[in-house]
Structures are given as C-alpha cells and as structure tokens.
Amino acid sequence: MAIISYQASHEQFSPHELLQYSMLAEQAGFGGLNSSDHFYPWSERQGESGFSFAWLGAAMQATGLQTGMVCAPGPRYHPAVVAQAVATLANMFPNRFWIALGSGEALNEVITGEPWPGKEFRNQRLYEAAAVIKRLLQGEEVNHEGTFNVKEARLYTLPQQMPLLMGAAITEKTAEWMGAWADGLITIHKPYEELKAMIRAFEKGGGKGKPMYLKVQLSYAPTYEEAMTGAYDQWRTNVLPYDQLDDLSKPEDFDRAAKTITQEDVAKMVHISADLQQHTQWIQQYIDMGFENIVLHNVNRQQEPFIRDFGRGVLPRLNT
C-alpha cells in the first residue's frame, strides 16, 4: 500500500506552524511526513528556515506518522553527526523514521566557508558518507580518510531497527548510480515518460525491488487563479534549471535568477488545479507507477484548506 505524506516545508513556514499542520495532516488521513532541511529559504518571500533535526523529534512525538527527511552529509553535517541524529530518532521512534541522502546544494552548505565543489566530488563524498553512516548505525567503530575524515567514531545509542538510507536523485544518471548502494530512491515528479525513465535507470543500476518515493509539487486553492498566483509567488525560484538550483547560494540570488520565470514555466513543474478530481488522477498515476510513498507539497501558503479538502476529497478516493 502506498503512503500519502504531507511535506513540511521549513523554507515556507515556522516550526510552530509546521507542527500544527502535521497534526492536522494526521487527523485528515495522511500517513506520513517529509521534512525539508534548509539553512536558507529559496526566496525572501518564503522567509523561514527552521532546524529540521530539532523539529523532527517534536513532530514524531506529536504524531504517529511515518517520517523522513532529505539530508546532505558534508561540511554542514559531518556524516558521524548525521548517523548520531538518525540513530537517536530511530531509537525513539522504531520503524517510523527514514532518511534520504543527497549531494547537497550551495544554498545550505557554503555557510561553512568551505569551497563549493563540483558534482563529481559531491557524489563521491555522498557515497563515502552513506557507507560510514550505515556502519555507525550498525554499531561499528569507524575510521575513514577520504573526502572527509572520521577518527575512532562509534555510536553508543543505536537504532532499535535499521532505518532506510534512501538516495535523493533528480537526474537519470544519479538515479542509476544510486541503484547500487542506496536502500531506495526518492525523486520529484516529472512528465510521465521522464519519470518512467528515472525508474528504469534506478532499476538498471541495481535498484529493482527497492522502495521508491516521490515528492509531488502541487498548488491547490479554491480557484485556479488563486492556485496559480500562490504557486508563482512561492515557488517560481524552485523551477530554475537543476544546475542553478545546486549552485546558487543566497535567497537573493534565486530571486534575481527567477525574474524571467513566467506562470507558464511554473505550471510545467507544478500540478496547479482547483479540481480535487484532477489532483486525485495525478496522484493515482504515480501510485500506479509503483511509488510507495507519495509526498504532497502544496507549494502555496494555503495549508489548512489543502489538508482539509484533500483529507475529505482526495485521500479516500485513492487506490492505495
């Protein structure tokens, strides 16, 4: 059965607001949460950046939902510290927490003062980090020299059950590479054929039979005009080309780069509709493709109506 999850967007809402929305989501019938993890928002208009690992403990205590996050081990989060945080959450909430590991974005990482490396180096660092984190979660003492160093690290508090270490990918090349070592895949929605190609690439690389999660970006409001206006206001910086999303480092850089983005550009990357049946059809298509966890991110600011209306008019209709 597929889980339908609520996206807790720390870039857009305060931790207090997200905690309230998460509890409402559980009451409405959502089965999971996915937490973003940012130091900066993508835009000055979004305007928030709560600390995810602190928030996750509160959210998982306040709800009984399956919960995960995307995290980039690197200068901001040393892999041993990521392993300690994951172990603590998985110890307190057994069989409820998963984490997806990615190569990172300059927006979150350059605050350390370290040079922002190219994708090849970041992928190598990610591969090494995933192996170190897994060994630490299994109780091993780890020494490592490579793209980062670990000296005589061992966790004394271990997870009750080993959590999934998913891989976060947005290109076919990365998805295929992750198929060999990640426990599963999380990606974002794309046109149908492109998404099918992502699945084929992941399976080709060794991911056949592993879980696949999908983050769906949508904008729902009482009218199409409101849904479009809300999506354009909040999310136009997020539909820039992938290389810019990786390499821009400040909210104002994103705002400046997005000046030429149109509403039509946003509509290509975000499911925009006031029709609950249309949203149901979009989501069901992804379930039928084999995604086991569908994370719904309503990118506009109208969260309570989205949670309420999807709980009444979308979730019960899905063949999960």
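**Exercise 1.** Which residues of helix 2 (residues 52-62) are buried?

*Solution.* The model is predicted. Take a residue as buried when its relative accessible area is under 20%. In helix 2, Ser52, Phe53, Trp55, Leu56, Gly57, Ala59 and Met60 meet that condition. Next, consider the helix geometry. An α-helix has 3.6 residues a turn, so residues three or four places apart point the same way.

**Exercise 2.** Find what covers the buried residues of helix 2.

*Solution.* Start with the strands. The cover includes strand 1 (3-8), strand 2 (32-35), strand 3 (66-71) and strand 4 (97-101). Then add the helices. Helix 1 (15-28) and helix 3 (79-92) are also among the covering elements.

**Exercise 3.** Describe the largest nonpolar core, then examine Phe30.

*Solution.* The largest nonpolar core has 72 residues. Phe30, Ile99, Ile294, Leu296 and Phe310 touch the most other members. Helix 5 (residues 119-137) gives the most to this core, with 7 residues. Now list the contacts of Phe30, leaving out residues up to four places away in sequence. They are Ile4, Ser5, Tyr6, Ala25, Leu65, Leu296, Phe306, Ile307, Phe310 and Leu315. Another core, of 18 residues, lies apart from the largest one. Its members include Ala231, Trp235, Leu240 and Leu245.

**Exercise 4.** Locate Asn95 and Glu152, and state phi and exposure for each.

*Solution.* Asn95 sits in the loop between helix 3 and strand 4. Its phi is near 65°, a positive value in a residue other than glycine. Asn95 counts as exposed because its relative accessibility is 55%, and the cut-off is over 50%. Glu152 belongs to strand 6 (residues 149-153). Phi of Glu152 is also positive, near 50°. With a relative accessible area of 54%, Glu152 is exposed.

Technical notes: Residues are numbered from 1 along each chain as its sequence is written. This is a predicted model: local features need pLDDT of at least 70, side-chain atom pairs count only at pLDDT 80 or more; totals for chains, interfaces and linings use all residues. Side-chain values use heavy atoms; hydrogens and water are left out. A nonpolar core is a set of buried Ala, Val, Leu, Ile, Met, Phe, Trp, Tyr and Cys residues joined through side-chain atoms within 4.5 Å. Buried means under 20% relative accessible area, exposed over 50%, partly exposed in between (1.4 Å probe, protein chains only). Helices (H or I, at least four residues) and strands (E, at least two) are DSSP runs, numbered from the N terminus. Contact means heavy atoms within 4.5 Å.
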